[in-house]
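Dear colleague,

I am handing over the structure we spoke about, and it is placed directly below. After it you will find my notes on what turned up, grouped by region so that you can follow them with the model open.

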Amino acid sequence: MENTTVKKFNAEVDKVYFIDRYTLVHILKGSGAIQVDFKFYSDWDDKIIYLEKGQYIKFLSEDFLVRFITFPDEILFKSKDVRILFKHLVSLGYINYSECEDCQSFLEKTVFNVNMDKLIDTSVDQWYWQNPFSANKEEYEIIFDVKEVIDDEFSNHVNIGQLKEHLIHLHQHNIQALLKDKLGISVQKMVAGKQLVESQKELAFTDKSIQEIAYEKGFKDPAYFNRVFKNKLGQTPKDFRNNFDYGNRDSFTQNLIELVQLFHKEEHALAFYADKMNISVKALSKKVKDRMNVTLGQMIRAQLVDSAKTMLGQGEIVKEVAYSLGFEEPGNFSKFFAQQTGAAPSTYRR
């Protein structure tokens, strides 16, 4: 595949890497978290992520070794199936490298070969095998047809009726029911989510006025944009712009992540982390939400789940895992794990 480039490097912590070409991000190693389009994710060691133009990625720990493989624009015209790699739905899609023998073989042996079509085909096959939304191929095609129209028409407030005007072949399908069943989200919320994240990008990475962004992204006026934005994110567009200083390389995010990684097994209370950061619980909670778009509680719970999965996967019994992670009773841990993952620890261990 012509115009394909490969770059392997140690990612700079908290730096915003803008994606200006269709890109495969192979996380070779890294124990921390990443941020993609204002969402925070953890446990990304040895994963493959495909990102499309206009997205960004930040690495929130110093130990990430990554490989970026960029593709020409024509990649999206090769096959409609390619969309499942680049167009993420309700969360960040990925290929689990450790479970994909063909991916391993290809990347280990031919990573500098300019013909990368096989890598794309292998990744598509692996994605369908992982089947993250438990849908059949026809259902996925419908979902990504809808996603494609929403990505193009979100600022025009596209609705079900307009979707069917764009997608005549879907008249016989109940699009709303399919999205609710497989993604747990309505068309309206999907459109609003796209509208919001694209507004965030404009606020964070351009010097356009808030009024200009409001009208460009389909809000009826700046006042309405302000109300919607604050209702969804807890801060005004102006505050969001001031807080998301992507050129700022302070150590707040990195220090907090390291604290959670170090103490999450013993300390579950927010007050402990606030004390370590020399800040009040209220101020810390607000700063975490503003900077990382998650709550501190979510960070701690995510780290607990990651550690639990690791220990269970290594064969440790549920009782040992529970006490290791600071739970007073195994039953409390089992209830927590099931709430967070949808499966009992014993089921996951098997």
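To begin with the strands, Val36 has Ile57 in E7 as its bridge partner. Please keep in mind throughout that this is a predicted model. The pairing of Val36 with Ile57 belongs to a wider arrangement in which strand E4 (residues 33-36) runs antiparallel to E7, with three bridges between them. Strand E2 (residues 16-18) also pairs with E7 in the antiparallel sense, again over three bridges, and here Phe18 is the residue that stands opposite Tyr56 in E7. In a regular strand, side chains alternate between the two faces of the sheet. Strand E7 (residues 56-59) is covered on both faces, since Tyr56 and Lys58 on one side are buried, as are Ile57 and Phe59 on the other.

Next come the charged pairs. Side chains of opposite charge can pair when their charged atoms come close, and a search of the whole structure returns 16 salt bridges. One of them joins the side chains of Lys80 and Asp145, with 3.2 Å from N to O. Because Lys80 sits in the loop between helix H1 (75-78) and helix H2 (83-86), while Asp145 belongs to helix H5 (residues 137-153), this pair ties together parts that are 65 residues apart in sequence. The two partners differ in their surroundings: Lys80 counts as exposed because its relative accessibility is 51%, whereas Asp145, at 6%, counts as buried.

A salt bridge also links Lys137 with Asp81, where the closest N and O atoms are 3.3 Å apart. This pair likewise connects distant parts of the chain, with Lys137 in helix H5 and Asp81 in the loop between H1 and H2, 56 residues apart. Lys137 is partly exposed at 43% relative accessibility, while Asp81 is buried, with a relative accessible area of 17%.

Helix H5 takes part in a further salt bridge through Glu139, whose side chain meets that of Lys182 at 3.9 Å, N to O. Since Glu139 lies in H5 and Lys182 in helix H7 (residues 175-183), the pair ties together parts that are 43 residues apart in sequence. Glu139 is partly exposed, with a relative accessible area of 22%, and Lys182 is buried, with 18%. Elsewhere, salt bridges that share partners join Asp37, Glu52, Lys87, Lys147, Asp151, Lys194, Glu198 and Lys201 into one network.

The last region to look at is built around helix H8 (residues 187-205), whose axis comes within 12 Å of the axis of helix H10 (residues 222-233), the two crossing at roughly 105 degrees. The crossing angle therefore makes H8 roughly perpendicular to H10. At this contact Leu196, Ser199, Gln200 and Leu203 from H8 meet Phe225, Phe229, Lys232 and Leu233 from H10, and the residues involved divide into five nonpolar, two polar and one charged.

Helix H8 also contains Glu202, which is a charged residue that you may want to display separately. Glu202 is buried, its relative accessible area being 14%, and, leaving aside residues up to four places away in sequence, Glu202 touches Lys208, Ile213, Glu216, Lys217 and Arg241.

With kind regards

Methods
Residues are numbered from 1 along each chain as its sequence is written. This is a predicted model: local features need pLDDT of at least 70, side-chain atom pairs count only at pLDDT 80 or more; totals for chains, interfaces and linings use all residues. Side-chain values use heavy atoms; hydrogens and water are left out. A salt bridge is a side-chain nitrogen of Lys or Arg within 4 Å of a carboxyl oxygen of Asp or Glu. Helices (H or I, at least four residues) and strands (E, at least two) are DSSP runs, numbered from the N terminus. Buried means under 20% relative accessible area, exposed over 50%, partly exposed in between (1.4 Å probe, protein chains only). Axes are lines fitted to C-alpha atoms, for helices over the stretch in contact, and angles run from 0 to 180 degrees between N-to-C directions. Angles under 35 degrees count as roughly parallel, over 145 as roughly antiparallel, 65 to 115 as roughly perpendicular and the rest as oblique. Contact means heavy atoms within 4.5 Å. Ala, Val, Leu, Ile, Met, Phe, Trp, Tyr, Cys and Pro count as nonpolar, Asp, Glu, Lys and Arg as charged, and the others, Gly among them, as polar. Two strands pair if DSSP finds at least two bridges between them.
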